[in-house]
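Colleague: I'm new to reading structures, so could we go through this one together in small steps? I'll ask about whatever catches my eye.

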Amino acid sequence: MIRINENFLKLQSSYLFADIAKRVDAYQKQHPNQTIIRLGIGDVTRALPAACIEALHKGTEDMAQESTFRGYGPEQGYLFLREKIAQYDFQARGAEVEADEIFVSDGAKCDTGNIQEIFAGDIRVAVPDPVYPVYVDTNVMAGRTGAFGNGRYEGLVYLECTRENHYVPALPAEPVDLIYLCFPNNPTGATITREQLATWVDYARQHNALILYDSAYEAFIRDERLPRSIYEIEGAREVAIEFRSFSKTAGFTGTRCAFTVVPKNCMAHTADGRTMALHGLWNRRHTTKFNGVAYPIQRAAEAVYSPAGQAQTRALTDYYLKNAAFIRQAFAAMGYACVGGDHSPYIWIDARRDAWEFFDLLLQKAGVVCTPGAGFGKCGAQYIRLSAFNSYENVQKAMERIRAALI
Ligand code: MLT
């Protein structure tokens, strides 16, 4: 008899964004004449930067000639891309990261979801609340939690992010081994200062813990004092793995390219106390289960680091940040408390009522899709998240409609 992994039965019935898409589709079928403006899932809407398109075409041409054709590439990614990443994203900012510590992949969602495979089943895991659901669900699938009840999984340590702590959690009050952090944060859009991040690095060093740092939204940071990488903090190399993505930086959600940094001196332990480098373990996992990102896509990602690519990706993130500022100002003017939107494409709004009720209200009265905060955890029960990924015109229209519906 074939038996299933019953940990899957502990999960909520569907993935948050799949659930929302289903509800929106059902509403659209009943109201075919209503134009719906989607500010829910963080999916980019603008075309790829010209420099990336040019490199993508050129990479495709390379595949058309036998002299430049490529078959399987290195699983970890081509050196031409890994070297640019190391130089521009890290070394230029004083962060010590080498090209061979970078693992190119098809997404930060996959990497943040898969990384937990290299850790023991009985480690104590801390996640923020609210949280990007992938961190939680993948640990549930792996059997690191008990049942779901009252908005939380038994066995996980939840780090509450509230208005009182400016959405940056306090250090855990109980012992934990693995800590997920994400800044600029998804879903709140909050940022962390260097000093605050340093307290986490110190905590991890003192407690033999490991930080999984999701920095997928770093390209939206405009305050140069804020850290873009955890490796800008002294001592982080030994206690942190970082995840990055071209999805939001360069509009690659449909193109797929991301990377994970595993420093060679980042260590963990066996049950009998031996020290092991995580770099080797992740390399083993990656080479066994992944065959690399398509060559033309890696060429397109490389173009992000060209002078034209740098200017074009900056313009792209500026565009979405202008939307974000508009959304935040519109909600603030209506008297709602908001966070995010200044160094992030997400705005976290205190709805002062049940999140799903507010979701329904915005959908039905304004034809606007948001993400109910409840989907990100108990602390989001009365919040919604709005995404700035849409055209400026649609964002303006959405805010007009919402104002009319709420006032
Ligand atoms: C989100 O809306 O939170 C993001 O699109 C999720 C993701 O990048 O997978």
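Colleague: Let's start with the ligand: which residues surround it?

Modeller: Keeping in mind that this is a predicted model, the ligand is surrounded by Phe-17, Ile-41, Gly-42, Tyr-132, Asn-186, Tyr-217, Lys-248, Tyr-346 and Arg-385. Sorted by character, the residues of this shell divide into five nonpolar, two polar and two charged.

Colleague: Where does the ligand lie with respect to domain 1 and domain 2?

Modeller: The ligand lies between them, because domain 1, made of 6-47 + 308-406, and domain 2, which covers 53-305, both give residues to the shell around it.

Colleague: And which atom of Gly-42 lies 2.6 Å from an oxygen atom of the ligand?

Modeller: For Gly-42 it is a backbone N or O atom that lies 2.6 Å from a ligand oxygen. With Tyr-132, a polar side-chain atom lies 2.6 Å from an oxygen atom of the ligand, and for Lys-248 an N or O atom in the side chain is 2.9 Å from a ligand oxygen.

Colleague: How much of the ligand does the protein bury?

Modeller: Taken alone, the ligand exposes 260 Å², and the protein buries 84% of that.

Colleague: Tyr-346 was in your list, so let me switch to its strand, E14: how many of its residues are buried?

Modeller: Strand E14 runs over residues 346-350, and five of its five residues are buried, so that the strand is mostly covered. On one side there are Tyr-346, Trp-348 and Asp-350, while Ile-347 and Ile-349 are on the other, and both of these faces are covered.

Colleague: Which strands does E14 pair with, and in what sense?

Modeller: Strand E13, residues 338-340, pairs with E14 in the antiparallel sense over three bridges, and strand E17, residues 383-387, also pairs with E14 in the antiparallel sense, over five bridges. If you would like to follow one residue across, take Ile-349, which is the bridge partner of Cys-338 and, towards E17, has Ile-384 as its bridge partner.

Colleague: What about the hairpin of E13 and E14, how many residues are between the strands?

Modeller: There are five residues between the strands in that hairpin, and Gly-341 takes a positive phi near 85 degrees.

Colleague: Which residues have a positive phi although they are not glycine?

Modeller: Asn-150 is one of them, with a positive phi of about 55 degrees, and Arg-256 is another, with a positive phi of about 70 degrees. These values deserve a second look because most residues other than glycine have a negative phi.

Colleague: Where are they, and is each one buried or exposed?

Modeller: Asn-150 is in the loop between strand E4 (148-149) and strand E5 (152-153), and it counts as exposed because its relative accessibility is 65%. Arg-256 is in the loop between helix H7 (247-250) and strand E10 (258-261), and its relative accessibility of 31% is why it counts as partly exposed.

Colleague: Last topic, peptide bonds: which ones are cis?

Modeller: One cis bond goes from Asp-129 to Pro-130, with omega near 5 degrees, and another goes from Asn-186 to Pro-187, with omega near 20 degrees. As a general point, most peptide bonds are trans.

Colleague: And where do I find those two prolines?

Modeller: Look for Pro-130 in the loop between strand E3 (125-129) and helix H5 (133-141), and for Pro-187 in the loop between strand E7 (178-182) and helix H6 (194-207). Asn-186, which precedes Pro-187 at that cis bond, is also among the residues that surround the ligand.

Notes. Residues numbered from 1 in each chain as written. Predicted model: local features only at pLDDT ≥ 70, side-chain atom pairs only at ≥ 80, totals over all residues. Heavy atoms only, no water. Buried < 20%, exposed > 50% of the residue type's maximum accessible area, 1.4 Å probe, protein only. Helix = DSSP H or I, 4+ residues; strand = E, 2+ residues; numbered from the N terminus. Pairing = 2+ DSSP bridges. Near = heavy atom within 4 Å. Polar contact = N/O pair within 3.5 Å; in protein donor to acceptor, adjacent residues only side chain to side chain. Areas by Shrake-Rupley, 256 points an atom, 1.4 Å probe, with all protein chains shown as cover. Nonpolar A, V, L, I, M, F, W, Y, C, P; charged D, E, K, R; others polar. Domains from an automatic or database assignment.
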